[in-house]
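User: Hey, got a minute to walk through this one with me? I'd like to go piece by piece.

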Amino acid sequence: MPASPASPASPAPPSDIHVRLPDGTLKSYPAPATGRDVAASIGEGLAKAAVGVKVNGRLHDLDRPLPAAPPKPASPAGSEPLDLAIVTRPRADKQGRSKGEPDPDALYLLRHSAAHVMAEAIQRLRPDALLAYGPPVEQGFYYDIALDPPLSSDDFPKIEQLMRQIVQESRPFSRYELDPEEGLNKLRQENNKYKLDNAQRAIDAGADRLSWYVTGDAASGQAASGEADTGQGAKGSRDQGEATESVNASPPSATGPMGPSAPSFEDLCQGPHLPTTADIGAFKVTSVASSHWRGDVHSDRFQRVYGTAFFTPADLEHHLEQLEQAKQRDHRVLGTKLGLFAIDDMVGQGLILWKPKGAVIRDELQKFIMEHLRRQGYSQVFTPHIGKLELYKTSGHFPYYQDSQYPPLILRDQVEALADEGCTCGDLANLMKQGDIDGYLLKPMNCPHHIKIYSSEKRSYRDLPIRLAEFGTVYRWEQSGELAGLTRVRGFTQDDAHLFVTQEQLNDEVMGCIELVKIVFSTLGMTDYRVRVGLRDPRSDKYAGDPAQWEKAQAACGLAAESLGVPFTKEPGEAAFYGPKIDFVVKDVIGREWQLGTVQVDYQLPQRFDLSYTGSDNTEHRPVMIHRAPFGSMERFIGVLIEHFNAEFPLWLSPEQVRVLPISDKFNGYASQVAAALRDAGIRVSVDDSNERLGGKIRDAELNKLPYMLVVGGKDEAAGTVSVRHRTRGDEGATPLEAFIERVKTQVAERTV
Ligand SMILES: [Zn+2]
Ligand SMILES: [Zn+2]
C-alpha cells in the first residue's frame, strides 16, 4: 500500500544513493557519493560554500562517502532516500562579519577542527603532551592534555603561530577506521591510556568501528596498511593535492614530534570536521585551566586549554570585544566595586557576606515575592538551619548525597563513647559514610522541615492545598573549583515553598507556581530565558516511584509549560530523582547557563514520610507535593540580576535611590531638609556634602549608578524645588520637591524597570 517516497522516472539500480533535499527534491547518485558530489550537482556556489553535510539529522564530513541506506523490500527504488542538507560557511558582509545567526552545525565543524589543529600545535611545541579529550563547546573548544610542566599564557602566541602554519598548509581532515581489536592494539602501542579508555567506552556503548582523523592524507598514514581503509579518504572528489605536500607515513599522534617537512597528525575521533585546515578562518587560544580525567577530582590532573574559532577574523574580533564587555559586567567585579557583598577567606569560601547595599536589594526582592505569596494564598513559616540525621535519612538526602553536604555534627558524648570503645578516625569516617551514626546536619534542603510542619496536625481534604513558604537558607559542599561569586556558593537562601495538594489539584497548583515565576521574570524585564521540562529517563534506575505516577506528574508539567507561551524543551534524564520538574534557565554575560526558578512535582517524599489527609470519603489519602522556588537561590538570582542590569538597578531595587548634591556648602542646610523629606517618604537618600565641585559629585553618583541626582542651589531653596537629573535621561529640570517625591513613590510602588 505505501508508495515509495522515492519515485524517480526510471527505477535506479540498487547501488545508487537516493537523497531527499530539504525542499523535498529527490535525487540519485551512483555510489560511492559524497556530500560534495551532491552540493556540486546543485550548484557551483553551494559546492564552494559547503563545509559539511547533514544526513538523516547527523553531521558528516563533506568528503566522506554517504552511508548506503538499508534496503527496504517494499520499495521499488530499493532503498529509503537519505534526508540530506548541505552545511555551508556563513556569507560575509562588507565588514567581513558573518551575516545572520551563526549556523551551530557549521560552527561545530569549525571548532572541532580547530581543536585538532591546536592539539597538533601543542604537540609540536611540547612533544611530551599526552592528549586526552578535545570537544567543541558553546563558545569555542578545549583540549584536555596531560603535561608537566604545564603551559602558561606565555605559550599562547607560540601555539597560535604553529596553528597559523598548519592552517596555511591547507591539509585535509581525512578519516579512516579500524575494527575494535585492531584499534585498541594500535592505542596500546601508542601508550595513551586516555585515548584507550575513550575507545573502550565507545566500544562498550556499541561502536563496531573506531575512527581516526588524520590532518593530512589518510591513505598514506596508518590506514595505508590496507584493510583498515574504508575508502572515506578525501581523495578524488576535489582538488586538494598541491597544498598537502608530502605526508609522513608513520607518526601517529602520541609518538613524538613531527618534522616541519612532514606534516601529519592524527587523533582518535568520531568526527566530523571541516574539509581542510584552510577552512578555519580565525582562531585564538584563550585560556588555560586545570581539569581532571572525566571530571573526577580524584583522577589524573589535566590542563584544559581553551580556544575559540570563527569563519572570519571580523567575527573573532567582535567576539573578543563582547568578552571584554562581559568582563566589565561580571557580577563579581561590579559587586565588589559597588560594595554589594563580600567573601572572606576567614569566614569561608562560597559563604556570602551581604553588605548593607546588597542587603537592600535582597530585602526588596523578598518583599516583592512576599506580596505575591500572600495573594496566592501561601503561609509563611520559619524553620531551623539544622535537623537530625534521622530526618535526612528518612528523606533520602543522607547518606546518598553526603558528598555535596557539610559533614554531620556528631554529638560530643557519642564521639567520646566511640573513642572509649577504641573507634579510630577511620572507623568514624566509615560510620559517617554509611550513615550509622546520630547527629545533626546543616540542612541541605528545606523540604523535610516543611513536611514536619504538615504532619504536625491531622489534615483533611478541606485544608488542602496547603502552601508553606520560607526564605530558607541551605548549605551544600560545592567543590572549591566550582565556586563562583554569587552564582555557585556553599550557603544560599532559597525562596522556597512546598505545596501539599490532592491529585485533583495538581494541575492548577503547578500552573499557579509557573504563573509566579512568570511574574518575577516579567517584573524584572528578564525575557532571555529558556524553559526546560525535566523528564525521567525511562532507561535509568535513578528515579524512584511508580511509573504511572510519573506519567501523571510529567503530564502536569508538560501542560503547565505549554501554558507559558514561550518555547520549551522536554529533556529526558533532567528530572529530580523524586519527580519531573520545570526549570527556568538564563544565561550570564559570558554565556554560561544558570538554572533559576524551578517547579517540581514529587510523589516520593509524601510516601517516605507517610503523609496523609482525610478525604471526603472519610478514608486516608496521600497528598502530592510540589517544590517550587521562583528565584531559585537569592544569591544566584542577584548575581545574574547584577549582570542583567549592569548594576543599574531599577529604582525600586536601587540601594541608594536619590542623592542630593548641593552646588556649594552654602546650600548644605537645604540639601539636608530635602533629604529628610525624602527619607520620611520612605525613599533611600543621601547627601553629598563633600568639598568636591558639582561636576565631581555628579561623576561620583554616576559611577555608583544612582537613578536620581537632585542638584540644589539658591533658586531651588527660594522656590522649594529640586533640579532633577536622571541616570539615563539626563537633566529633567526644576520640580517642586513634593511632586518629585510623589513621582518616585509611584515608580517604586509600580516597580518600574
Ligand atoms: Zn575530532
Ligand atoms: Zn523542596
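User: What does helix 1 lie across?
Analyst: In this predicted model, helix 1 (residues 35-42) lies across strand 1, strand 2, strand 3 (50-55), strand 4 and strand 5. Helix 1 runs at about 110° to strand 3. Axes are lines fitted to C-alpha atoms, for helices over the stretch in contact, and angles run from 0 to 180 degrees between N-to-C directions. Contact means that the C-beta atoms of two residues, placed from the backbone, lie within 7 Å.

User: Where do the helix and strand numbers come from?
Analyst: They're DSSP runs counted from the N terminus: H or I with at least four residues for helices, E with at least two for strands. The protein has 22 helices and 32 strands.

User: And what about the numbering and the confidence filter?
Analyst: Residues are numbered from 1 along each chain as its sequence is written, while chains are lettered from A and ligands numbered from 1 in the order in which they are written. Since this is a predicted model, local features need pLDDT of at least 70 and side-chain atom pairs count only at pLDDT 80 or more, whereas totals for chains, interfaces and linings use all residues.

User: Back to helix 3, what does that one lie across?
Analyst: Helix 3 (residues 104-125) lies across strand 3, strand 4 and strand 5, at about 115° to strand 3.

User: In what order do the strands of that sheet come?
Analyst: The order is 2-1-5-3-4, an open sheet of 5 strands with mixed pairing. Strand 2 (26-30) and strand 4 (58-60) are the edges, each pairing on one side only. On average, neighbouring strands are turned by 40° against each other, direction ignored. Pairing here needs at least two DSSP bridges between two strands.

User: How many bridges join strand 1 to strand 5?
Analyst: 2 bridges, with strand 1 (residues 16-20) and strand 5 (residues 82-88) running parallel. R20 stands opposite D83 in strand 5.

User: Which residues does N56 touch?
Analyst: L82 and D83, leaving out residues up to four places away in sequence. N56 lies in the loop between strand 3 and strand 4. N56 and D83 are 27 residues apart in sequence and 4.8 Å apart in space, C-alpha to C-alpha.

User: Why does N56 count as partly exposed?
Analyst: Because N56 has 14 C-beta neighbours inside 10 Å. Buried takes 20 or more other C-beta atoms within 10 Å of the residue's own, exposed 12 or fewer, and partly exposed is in between, with C-beta atoms placed from the backbone.

User: Switching topic: how many residues of strand 10 are buried?
Analyst: 6 of the 6 residues of strand 10 (residues 210-215) are buried, so strand 10 is largely enclosed by the rest of the structure. L210, W212 and V214 point one way, and S211, Y213 and T215 the other way.

User: What does strand 10 pair with?
Analyst: Strand 9 (residues 173-178) is joined to strand 10 by 6 bridges, running antiparallel, and R175 stands opposite Y213. Strand 11 (residues 265-268) is joined to strand 10 by 4 bridges, also antiparallel, with W212 opposite L268.

User: OK, helix 22. Which of its residues are buried?
Analyst: F740, I741, V744 and V748. They cover an arc of only 100° around the axis, taking directions from the helix axis to the C-beta atoms, which puts them on the same side of helix 22. On the other side, E738, A739, T746 and A749 are exposed.

User: What covers the buried ones?
Analyst: The cover includes strand 28 (658-662), helix 19 (668-680), strand 31 (721-726) and strand 32 (730-736). Just after helix 22, R751 takes a positive phi of about 50°.

User: Last one: where is the pLDDT below 50?
Analyst: The protein averages a pLDDT (the predictor's confidence in each residue, from 0 to 100) of 86, and 90% of the residues score at least 70. Residues 1-12 are below 50, and that stretch has 18 contacts in the model beyond near neighbours in sequence. Residues 220-262 are below 50 too, with 87 such contacts. Where pLDDT is low, the predicted coordinates should not be read in detail.
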